Each structure stands twice: as C-alpha cells, then as structure tokens.
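Trainee: I should like to take a close look at a single part of this protein. Would you please explain it in one connected account?

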Amino acid sequence: MMSTVSTLAATEMVEPVAAGWQLITAALAGIAVIVVLITVAKLHPFLALIFGALTVGIIAGENIQKVLASFATGFGATAAGVGILIALGAMFAKLLADSGGADQIVDTIIGHASVRALPWAMALVGAIIGLPMFFEIGLVLLMPVIYLVARRAQVSIITIGIPTLAGLSVMHGLVPPHPGPLIAIDALGADLGVTLALGVLVAVPTLIIAGPLFGKVAGRWVDVPPPHTFDTDDFATELKRRPSFRVTMFSVLLPVVLMMGKALVDIFIKDEDDLVRQTFDVLGTPLVALLISVIVAMFTLGRGSGMTRPEISKCVENALPAIAGILLIVAAGGGFKQVLIDTGIGTLLADWAKGANISVILLAWVLAALIRLATGSATVATITASSLMVGLVEGLSTGETSLVVLAVGAGSLFFSHVNDAGFWLVKEFFGLSVGQTIKTWSIMETILSVCGLIFVLLLGLVI
C-alpha cells in the first residue's frame, strides 16, 4: 500500500515537471523556427512568425484551433493598439520630414553639437520624448530625425539610433509617470515621488552606458546607412520655406505634453468623475493625442511650410505604404506573443523563480526578466511580476518598496528578441537583419536591464 502511494506521489510530482519542460521546449522550438525560417530559408518575417506560433502550440500539446484563435487575438489586439498608433505616427513623421521640420531639428542639433556629441544629444531627446510616451510611438516620431542626423553626420544609423532607443526604453521601464512603472507602483503600493526620484538616479547612469557608450561600439559592429522610409517627396524639395525650430518642437512635443498631462492629472486628481480628469483622460489617450497631433501638424508643419491642401493629403497618404509591411510583422509578433502567454509559459517561469531563495529585489528582477523572455512583452512582465511580488514587499520600507518597483521595471527590459513586437519594429525601421538586430537592439536592452539592476542593488545598500 505504501509502495502504491509512493508511486502515485512520484507520478504527481513528475507530471508537472514534464509539462513544464514541454512548455519550455515549445517556446524554444518556436523561437528557433522563426530564426531559421528568416535567416536560412529567407522567408518573410510575417510568415515565419505564423509558423513559429503554430510550432509552439503543437509542441505544447494545444489544439490547433485554439492556437489559431490565440494568434488571431494577439494579432488583432496589437494591430488595433500599436498598429493604429504606428500609422498615425508615420503620418506625423512624413509631415515632419516633407515640411523640412526634421531638417530644422537636425540643423539645430548639429549646429550646437559636434559629431562626437550627437549620440549624447539624441539620447537626451529620446529620454524626453519617451518619458510619457509608449516606446513604439516615440520611435516612429523620431525615426525621420534619426535618419537625417545619421546622414548629415555620415555615421552608421546604429551610432545615432541606439542612444535614441536607449533613451526611449529606459523611460519605459524605470521612470514614472510612464505607464509601465505606474502599474508596478500601484500594484505594490509604492510612493510615486520616491520611486520617481530613485528612478531618475538609476536611469541616468544606465542610459549613459547603454546609450552613447554602447552605441559607439555597436556602430562599429553594424555599420549600415539609414534607409529611405521617410525620404521627402519631389514636391517637398520645391517648398520655399520650412517651419521654425520652435513651431517644429511644439508639434513634436504636443503628443508628449498631452500624455504627460493625463499622467499628472491622474496622479493628483483621484476623483474619476472630476471634469478636468475626464477631459485629460480623453486628450491624453495615445490614440487621441496622436490624432490631434497629426491634425495640428497639417497646419503647423504642412501649411506652415507652404504645402497646399492636395500636397498635405498626398504627404499623409504616402506615409502608409512604407509601413504596411512593418504593421503586419509587428501584429504577427503580437500574435506569437499571445500564443506563448496562452500556453502558460510565462506563469510557469514565474512560479519557478518565486520558489528560489534569493533577495526580494533580485527575485523581482528575475521574475520580470523570465516573463519578458517568455512573452516578449515588457508590460506583461511588469504586471505579472509586480502582482507576484505583492506578498513579499509587506514590511519593507518606502524606499525598499520603490527599489522593488525599479527592479521589476529593469527586468521587464531584458533581452528583447523575436517574440517582441518592438524587435521587429526596430529591425524594419533600421533596415537590419535578425542577426544585426540581436547584436544591437537586443544587447542594448540587456545592458539597460542589467545596469538597471546593478544600480538598484547599489541603492539598496544605502536605503
């Protein structure tokens, strides 16, 4: 009888482990299929991501219909969310390029910075734009500027682009009032002001290392010229004037201000029925903020540079074909991510890490990093990891709780790869191969994550 019980217990112990390894194998196999199909078979990433998702589902033992439904759900959600924002951002970016506004920013930056200082200037620009703005929006808005600065300075787009991406990304993970850190602050009951102050202390040195310093090295590894995605149309070269630097910056910062305003109002006005809060909640929604900015840019940038109404319409229309492939790839990346989430791989890794006997700060980072690796979503990693840490921050001081928030944020940035929509966005906009994207973008994200953890642990020694 005892033997039978022991056997049953052993069976119950083995099955979850086997299921766990099956999920791990499924995720790794899906990622491998995507990489091989793109790099060896030269298949379009859109198709490769579909096959990768099917591979994950089949090996994980899921019903094919369920896998297809998960993929479609993720595809649709990404297209409806990020896709619309990318389209609006591309329209704005084309207006910025064709009106000469991007040239105006570039001329001003170059006029006040040497070639050696340009990566530092672009890191600062990325950080400012990225503070309240989702990474994808900031990237699309800044792409014409990155292209032009790289061309004018005659350097690899990586040398200029990596510092800018680092500025956008470090804000995404570490500094409120960006939505990511705010999620963790709310879940863990951290103090916003303390987290903001500590977040800036961590973000500045992290950005310096992962941005200008790594960008200089990465530019030597991958020396590629900027692509022609946002090149000006023929009529744009005949424009007699271009908007001033102040008008251009007003146009660029308008969506930033609207989204920042929403974040600040939500912090200071707790009553959700308050008219001011409701107004800013609408105006500061990324979709509305960008839509307003595109309309305003038609006047400040389009009419301001002398474009006629048909030329403005043509400019906006021409922005969309160039990003059609990007939209499909990014949305397919969202579908692949959803399949990984629905198979339970993210939850499995979180449970494994939670059982480890390590410090609370390090555990928070490990949880977020594993979930980020598994699902490809920094937001999913932040939400899941912070919710798992709720019971572990009880009794911690205000400063320690804020450091746990920052550890979650740093972990959520770890090694972006083929299951991350941002990976494909960077790859396509920068005109890189999968290998080049890993050598630049993925490593930059890893440096941000690891340096963020190191500086959080150092602060933990004195707090």
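Mentor: The account below begins with the whole chain and then turns to helix H2 and the residues around it.

This is a predicted model, in which local features need pLDDT of at least 70 and side-chain atom pairs count only at pLDDT 80 or more, while totals for chains, interfaces and linings use all residues. Residues are numbered from 1 along each chain as its sequence is written, and side-chain values use heavy atoms, with hydrogens and water left out.

The protein has 20 helices and 0 strands; helices (H or I, at least four residues) and strands (E, at least two) are DSSP runs, numbered from the N terminus. Along the principal axes, the C-alpha atoms fill a box of roughly 95 × 50 × 50 Å. The radius of gyration of the protein is 23 Å, which agrees with the value near 23 Å that a compact globule of 463 residues would have. That radius is taken over C-alpha atoms, and the globule rule is 2.2 Å times the number of residues to the power 0.38.

Of the 463 residues, 54% count as buried. Buried means under 20% relative accessible area, exposed means over 50%, and partly exposed lies in between (1.4 Å probe, protein chains only). Among contacts with a separation of 6 or more, 81% join residues 24 or more positions apart; a contact means heavy atoms within 4.5 Å.

The largest nonpolar core has 137 residues, and Trp424 is one of those with the most contacts inside it. Helix H6 (residues 135–153) gives the most to this core, with 14 residues. A nonpolar core is a set of buried Ala, Val, Leu, Ile, Met, Phe, Trp, Tyr and Cys residues joined through side-chain atoms within 4.5 Å.

Helix H2 may now be considered. Leu49 has its place in this helix, which covers residues 45–59. Leu49 counts as buried because its relative accessibility is 0%. Leaving aside neighbours within four places in sequence, Leu49 is in contact with Ile34, Phe71, Ile329, Ala332, Gly333, Phe336, Val418 and Trp424. One of these partners, Phe71, is 22 residues away from Leu49 along the chain, and the two C-alpha atoms are separated by 9.8 Å. Another partner, Trp424, has already been named among the core residues with the most contacts.

Thr55 is also found in helix H2. Its relative accessible area is 18%, so Thr55 is buried. Not counting residues up to four places away in sequence, Thr55 touches Ala29, Gly30 and Val33.

Lys42 lies in the loop between helix H1 (2–39) and H2. With a relative accessible area of 65%, Lys42 is exposed. The phi angle of Lys42 is near 60°, a positive value in a residue other than glycine.

The contacts of Leu49 include Ile329, Ala332, Gly333 and Phe336, and helix H14 covers residues 324–343. Ala331 lies in this helix and is buried, with a relative accessible area of 2%. Leaving aside neighbours within four places in sequence, Ala331 is in contact with Gly74, Phe75, Thr78 and Ala79. Ala331 and Ala72 are 259 residues apart in sequence, yet 9.4 Å apart in space, C-alpha to C-alpha.

Val418 is another contact of Leu49, and the loop between H18 and H19 deserves attention next. Phe415 has its place in this loop. Phe415 is partly exposed, with a relative accessible area of 27%, and its phi is near 35°, a positive value in a residue other than glycine. Ser412 lies in the loop as well, between helix H18 (398–411) and helix H19 (421–430). Because its relative accessibility is 1%, Ser412 counts as buried. Apart from neighbours within four places in sequence, Ser412 is in contact with Ala368, Arg372, Ala378, Ala381 and Thr382.

To review helix H2, its residues Leu49 and Thr55 are both described as buried, whereas Lys42, in the loop between H1 and H2, is exposed.
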